[in-house]
Amino acid sequence: MSSQPISPQKANILVIDDTPENLNLLSAMLTEQGYKVRSVTKGSTALRGAQASPPDLILLDINMPQMNGYEVCQNLKADFRTQEIPVIFISALEDVLDKVKAFEVGGVDYITKPFQVEEVLARIENHLAIRNLQKQLQAQNTQLQQEIRDRQQAEEKFAKAFRSSPNPIAIATLAEGRFIDVNPSFLSMSGYSLEEVIGQTTAEISLWTDTEAIAYILQQLKETGALHNQEFEVCTKSGDVKTILLSVERIDLAGVQCALFIANDITERKRLENEFISLVSHELRTPLTSLMGALDILGAGQLGTLTEGGQKVLSIAITNTERLIRLVNDILDLERMKSGKINMQKNKCNAADLLAQATEAMQAMADLAQVKLQTKPFAIELWADPDRILQTLTNLLSNAIKFSEPGKTVWLSAELKNGEPQEHRTSFADTENVSQKLSSPSSQPPATLLIAVKDQGRGIPGDKLQIIFERFQQVDASDSRHKGGTGLGLAICRNIIEQHDGKIWAESTLGQGSTFYICLPITHVVSG
Amino acid sequence: MNKSILIVDDEEDVRAIAKLGLEMGAGWNVLTANSGQEGLSIAASYQPDVILLDMMMPNMDGRATLQQLKANPATQGIPVILVTAKVQQSERENFTGLFTGLNVAAVFAKPFRPLKLAKEISEALGWI
């Protein structure tokens, strides 16, 4: 069956009538209109012909010997090759029952003889047009069904990808982080069932070990639309903590702004990393113990005295071993800080004490370098890790002294900036997120402590002011040889200060000196 | 004040250096053990005044040795100082937290300076 639309002038019509005169009349009439006509006198011939080469329309007489029109029509309708061809009966029978039967057997029209040529032609045209429309409709249907199948296949493809992905995937609302859908990997990682998760927010199932995490993620999404490869810790149903590498994208699902979370469980990798760091610590520090100890003992002189030359050489060995120990400490420190293994142990401490301790610790070095150390302390309570802040201050002082010429001065000072200290309550488990929870928001900007370490050294070029806080970056490549230092000190300082929600930066004038600033938020601690 | 001390560490050089440092530096009587197992039997037999215990040893590690020392009435009362390469001096207090209930007297970090060891141990245990 051709699906091409039939152009009326080229339509193919089969005429069936046992009377040759009628046949000729109809045939002539149709041919004149441009139709292609086949004429047969017998029903059986007509059927064979129609099956072999289906016409576009059939004109069918009723009263015929052997097989009458009704039977022919029934046969036509019973065969899939011919069932859709419109059949118009042409007959002398005028009775209503005859007409009804014609329609019953599947005819589309009934013309009584004698007929008017114009009428026959009009009806034929009409039914050909209808047949065209039918064909169009069928073609469209077929196409639509194909499209639906294609869509379903595509849908299935993506649904399968979502369902079978080894990565935990979750879709949640952007507004609240409320779960819309999660895949089986998510459920198996988190230990929850689908019912327990859908409709809940990530906070409601206590997913994040850091409760601020989701707010941070959603904020990032709203601002930039994406978050890539950041580490977070999540809590499973059974309370296990897992580390994930998370990427999030903002997507629009039927008008609702959503977040697509894709995670990578790196708990095992982190565990191995930590084990590695432990192993490396041990493997490096154990021989250093023997080495340092052996040199110390030689230096003590009780295993025989060395000549002056020998003592000098020993001194070099000791200095460099000490330097190696510091380097190992710094590297491991930084590595552990970056992998989150070192938490700041914050408590109440006083800025004045810290400054005094730092000064005391560096006095000997300053004296040796003939550098004057001037401290202007400021007594204010701080919520910080005193050992780590001290480490930062001594590091900055050490740098300042190293890069100062004899006779110069290094200043260490602290002052309060901005408004009133914010009130804060401690909770029994709370050591980390202290500065984020404010019981009563103040209308003033939060108070900050500004610490400055100022020197009169050679200064730092403007384009290096940021980079010196990176690992192993020193202003001058020769510095590490001449001035000592591991090149990690400022990187460690920055890590420490950032973990206190503070800022550290440097300002400098070449040839005149530099000032390193530390800014720490002050929270007035109220224990509760 | 001639104290006796048992050093438990699987590294031969570390034992040798520590022993020299304590003998030369403070005249202490130094016993050594190269494993947790050996440490347990020497401690029980000789009852030193203090045990210096390395944390990272193969087979029986520091933690297991410590548990056994505290479980044995013969060695329960001997103060134990843990030595670890895992942390720096400034983080020793955090490390102790991992051993609540096991009565650790102190935690020392590696590398230590052997000539200063006697003084540091005495300070940690309140002997001076």
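1. Let's start with a term: pLDDT is the predictor's confidence in each residue, from 0 to 100. Chain B has a mean pLDDT of 88, with 89% of its residues at 70 or more. Within chain B, strand E2 (residues 29-33) has the highest confidence, at 97, and helix H4 (residues 92-96) has the lowest, at a mean of 62. Where pLDDT is low, the predicted coordinates should not be read in detail. For the complex, the predictor gives an ipTM of 0.87 and a pTM of 0.55.

2. A word on how to read this note. This is a predicted model, in which local features need pLDDT of at least 70 and side-chain atom pairs count only at pLDDT 80 or more, while totals for chains, interfaces and linings use all residues. Residues are numbered from 1 along each chain as its sequence is written, and chains are lettered from A and ligands numbered from 1 in the order in which they are written.

3. Chain A has 14 helices and 19 strands; these are DSSP runs numbered from the N terminus, with at least four residues for a helix (H or I) and at least two for a strand (E). Of its 528 residues, 28% are buried, meaning that 20 or more other C-beta atoms, placed from the backbone, lie within 10 Å of the residue's own.

4. Now look inside chain A. The largest nonpolar core (buried Ala, Val, Leu, Ile, Met, Phe, Trp, Tyr and Cys residues joined through C-beta atoms within 7 Å) has 38 residues, and A:Leu397 and A:Val410 touch the most other members. Elements supplying at least two residues each include helix H12 (386-402) and strand E14 (409-417) of chain A. A second, separate core has 36 residues, including B:Ile5 and B:Leu117.

5. Which helix of chain A has 34 residues? Helix H9 (residues 267-300) of chain A does, and at 1.5 Å a residue (times one less than the number of residues) the helix should span 50 Å; its end C-alpha atoms are 48 Å apart, which agrees. Among its buried residues are A:Leu284, A:Met292 and A:Ile297. The buried residues of H9(A) pack against helix H10 (308-338) of chain A together with H1 and H5 of chain B. A:Gly301, with a positive phi near 85 degrees, follows H9(A).

6. Finally, the meeting of the chains: 20 residues from chain B and 20 residues from chain A take part in the contact, where contact means C-beta atoms, placed from the backbone, within 7 Å. On the side of chain B that touches chain A, H1(B) gives the largest share, seven residues.

Definitions and conventions:
Buried ≥ 20, exposed ≤ 12 C-beta atoms within 10 Å, placed from the backbone. Contact = placed C-beta atoms within 7 Å.
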